[in-house]
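Here are my notes on the model you passed along. I've put them as numbered points so you can follow each one on screen.

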Amino acid sequence: MSSPEYVAVTLHLAKKLKEASPKQYMAVFHVMSAGQRDCLKRSSSQPQTRSSWSWNDPSFVKLPISSQNTIRVVDLEKKDRVVVVHPKWEIIQEHLTNIQCSFCLAPDIKHVEYGKLMKKTISKYQFAKARGYNFQLLDDPGIAEKLKVCLPFIVKHALDLETRLAKPIPILESGRSQTLLLSRNLCCSLLANAFFCTFPEESRGNLPDFNFFRLFHKVENDARSIVKVEKLKCILEYFCQMRDSNHDKNTVISFERRCVTEHVQWKESNAKLCPVVVKRKSGIEDAEGMLQVDFANKVIGGGVLNDGAVMEEIRFVTSPELIVARLFTEPLNHQEVLVVTGTRKFSSYSGYSAAFQFGGPCPLETRNIDDLGREVTQVVAMDAYPFHECNKWEQYSQEMIDRELHKCFVAFRKAKGNPQAVATGNWGCGAFNGDPELKFLIQWMAASEVKRSRMFYHTCFNDKQSKELKDINEFLIQTEVTVGKLYRCLLSYKEGGKVKSRSRIPIFPYIKDRIVLGALFANK
């Protein structure tokens with residue numbers, strides 16, 4: 001095995017790692033702190049010994065490099081063809097190296113059937129799984145063009161996993177706050193292995209899939225397959241940029257599972273409402289230096305590795321480092337969010353859902369680095385409660401309002417150095433049937449309660465909504481309504497008994513009437 005790849009960390013991060021409990025804060029790359037570089041460089045020449053990597057511990061991810069990740073193969077050198085147990089990682093290394101060598105020996109090769117090549121390769125170590133997929137989307141001309149450029153690079157980064165990973169990767173388990181730190185290069189190695197489907201498929205528990213099998217599979221529905229092709233273009237653009245750019249391998253990306261059980265007494269809150277800035281044109285992902293909200297599924301990434309192409313899936317394929325979270329993040333419960341700091345957007349896009357299209361590369365820009373060595377981009381994955389047409393009126397109940405308020409409160413909580421403003425939009429208002437006016441007020445209340453400086457609300461070119469948001473913002477700020485008072489107004493909305501009526505008054509006019517009426521009675 002090659003020498004470990006050490007990552008120089010900031011003094012602040014080195015101190016934090018030394019003081020923090022591994023159960024709460026862990027770096028899984030080879031850490032080189034300031035003042036230790038000469039010592040660590042001397043020791044890095046000693047090869048690591050491959051271990052079980054906590055294979056039998058359900059609190060850790062099963063890794064392809066584990067010595068206990070084995071496969072039964074026929075020993076062709078023996079006459080009786082004995083079946084022997086063989087380390088799967090050695091077979092993976094052999095067949096990925098064959099791809100690398102074939103490209104080196106014939107760099108000007110003009111036509112490669114990438115679907116057949118990938119299926120043949122992956123079948124050597126994932127036979128049962130690979131035979132259920134056709135890999136035909138890899139033969140799309142646009143995909144083939146990118147693979148010709150970057151496939152050897154993907155192979156190299158996949159094989160580099162064992163030099164970059166210092167210890168087993170813990171699962172970010174439900175019900176516990178924990179932060180996991182990965183280097184940018186380690187994220188690339190993990191994604192490269194997902195591309196070659198090397199991760200063990202068995203015993204994933206309630207973790208989502210991470211291998212790319214479904215993303216390569218062509219289905220009869222052309223529209224679904226076209227979406228997959230466009231998503232693959234985004235992911236391959238990521239690998240191309242990682243190959244060509246002078247990215248800093250010492251940059252750190254953190255994945256924080258945040259669980260907060262104590263609840264705010266919303267009815268008693270005296271917090272003032274923070275200013276709201278309505279953004280009609282720009283996207284949430286363009287809000288540099290802010291906390292950017294991902295309209296998440298409780299299963300992180302949703303359908304990103306299949307044919308999904310709504311807000312969360314688009315965000316993940318244009319910033320593929322977010323996909324890494326699927327490897328170790330259990331589904332979110334009502335008191336949890338996932339905060340990812342340090343990822344970068346690699347692709348632009350146009351369209352939404354079936355109309356989604358890869359729009360080319362995003363320019364590589366220099367970004368500010370925080371004291372933990374992370375780029376300042378911060379994304380919070382928070383899942384709205386899914387309502388159906390038959391029960392969407394339940395969202396106005398105190399139980400559901402409290403659920404959504406607490407989810408936003410957990411997501412928007414500040415720590416030292418966190419972005420001051422929140423960038424969000426119509427969270428949970430598509431397939432989850434949320435009321436946009438209710439969801440706006442809930443997010444505004446939570447952002448105000450945690451004292452965020454502003455909330456930037458993105459309306460995606462909806463002129464009518466943009467005007468209504470500006471009006472309600474101006475009205476509630478001028479009347480000096482507190483979070484507690486607004487909460488009490490929201491509770492009274494359902495108590496009026498008209499939420500199911502066809503003549504139902506929308507929430508904004510109702511809130512205005514309640515505030516004006518309350519002021520009139522107060523002045524008598």
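1. A definition to begin with: a polar contact here is a pair of N or O atoms within 3.5 Å, and within protein one of the two must be able to donate a hydrogen and the other to accept it. Keep that cut-off in mind for arginine 258, which sits in strand E7 (residues 252-259). A polar atom of the arginine 258 side chain lies 2.9 Å from the backbone oxygen of valine 410. A polar atom of that side chain also lies 3.4 Å from the backbone oxygen of arginine 413. Is arginine 258 buried or exposed? Its relative accessible area is 9%, and because buried means under 20%, arginine 258 counts as buried.

2. Now the overall picture, bearing in mind that this is a predicted model. The protein chain has 16 helices and 15 strands. It runs to 524 residues, and 55% of them count as buried. Take the contacts in the chain with a separation of 6 or more: 77% of them come from residues 24 or more positions apart.

3. Helix H11 (residues 311-318) deserves a look. How many of its 8 residues are buried? The count is 8 of the 8, so the helix is largely enclosed by the rest of the structure. Charged-looking names are on the buried list too: it includes Glu312, Glu313 and Arg315, along with Met311, Ile314 and Phe316. What do these buried residues pack against? Their partners are helix H10 (222-244) and three strands, namely E9 (291-296), E11 (347-350) and E13 (378-383).

4. Next, asparagine 211, in the loop between helix H8 (184-195) and helix H9 (213-216). Although it is a loop residue, asparagine 211 counts as buried, with 4% relative accessibility. Its side chain makes a polar contact with the side chain of glutamate 201, at 2.6 Å. Setting aside neighbours within four places in sequence, asparagine 211 touches Gln126, Asn193, Ala194, Cys197, Thr198, Phe199, Glu201 and Leu305.

5. Asparagine 211 and glutamate 201 turn up again around a cavity. The model has 3 cavities of 30 Å³ or more, and the largest has a volume of about 50 Å³. Which residues line the largest cavity? They are Phe199, Pro200, Glu201, Arg204, Asp209, Phe210 and Asn211. By class that lining is 3 nonpolar, 1 polar and 3 charged residues.

6. On to the aromatics. A search of the whole structure turns up 20 aromatic pairs. One of them joins phenylalanine 195 and phenylalanine 196, edge-to-face, with 5.4 Å centre to centre and 85° between the planes. Phenylalanine 195 is buried at 0% relative accessible area, and phenylalanine 196 is buried with a value of 0% as well. Another edge-to-face pair is tyrosine 493 with tyrosine 510, at 5.0 Å centre to centre and 70° between the planes. This pair links distant parts of the chain: tyrosine 493 belongs to helix H15 (residues 483-495) and tyrosine 510 to helix H16 (residues 507-523), 17 residues apart. Both tyrosine 493 and tyrosine 510 are buried.

7. Phenylalanine 195 and phenylalanine 196 also belong to one aromatic cluster. Its other members are Tyr133, Phe135, Phe212, Phe213, Phe216, Tyr238, Phe239 and Phe346. If you have the viewer open, try picking out this set together.

8. Last, two backbone angles to check by eye. Most residues other than glycine have a negative phi. Lysine 451 has a positive phi of about 65° although it is not a glycine. Where is lysine 451? It lies in the loop between helix H13 (436-449) and strand E15 (454-458), and at 61% relative accessibility it counts as exposed. Glutamate 480 is the other case, with a positive phi of about 55°. Glutamate 480 is placed in the loop between helix H14 (463-478) and H15. With a relative accessible area of 66%, glutamate 480 is exposed.

Key
Residues are numbered from 1 along each chain as its sequence is written. This is a predicted model: local features need pLDDT of at least 70, side-chain atom pairs count only at pLDDT 80 or more; totals for chains, interfaces and linings use all residues. Side-chain values use heavy atoms; hydrogens and water are left out. Helices (H or I, at least four residues) and strands (E, at least two) are DSSP runs, numbered from the N terminus. Buried means under 20% relative accessible area, exposed over 50%, partly exposed in between (1.4 Å probe, protein chains only). Contact means heavy atoms within 4.5 Å. On a 1 Å grid over the protein atoms alone, a cavity is a set of points where a 1.4 Å probe fits but cannot get out, and a pocket is an open set with protein on both sides within 12 Å along at least five of seven lines; lining residues have an atom within 4 Å of a point. Grid points are joined across faces, edges and corners, and a volume is the space filled by probe spheres set on the points. Ala, Val, Leu, Ile, Met, Phe, Trp, Tyr, Cys and Pro count as nonpolar, Asp, Glu, Lys and Arg as charged, and the others, Gly among them, as polar. Rings of Phe, Tyr and Trp (its six-membered ring) pair if their centres lie within 6.5 Å; planes under 30 degrees apart count as stacked, over 60 as edge-to-face and the rest as tilted.
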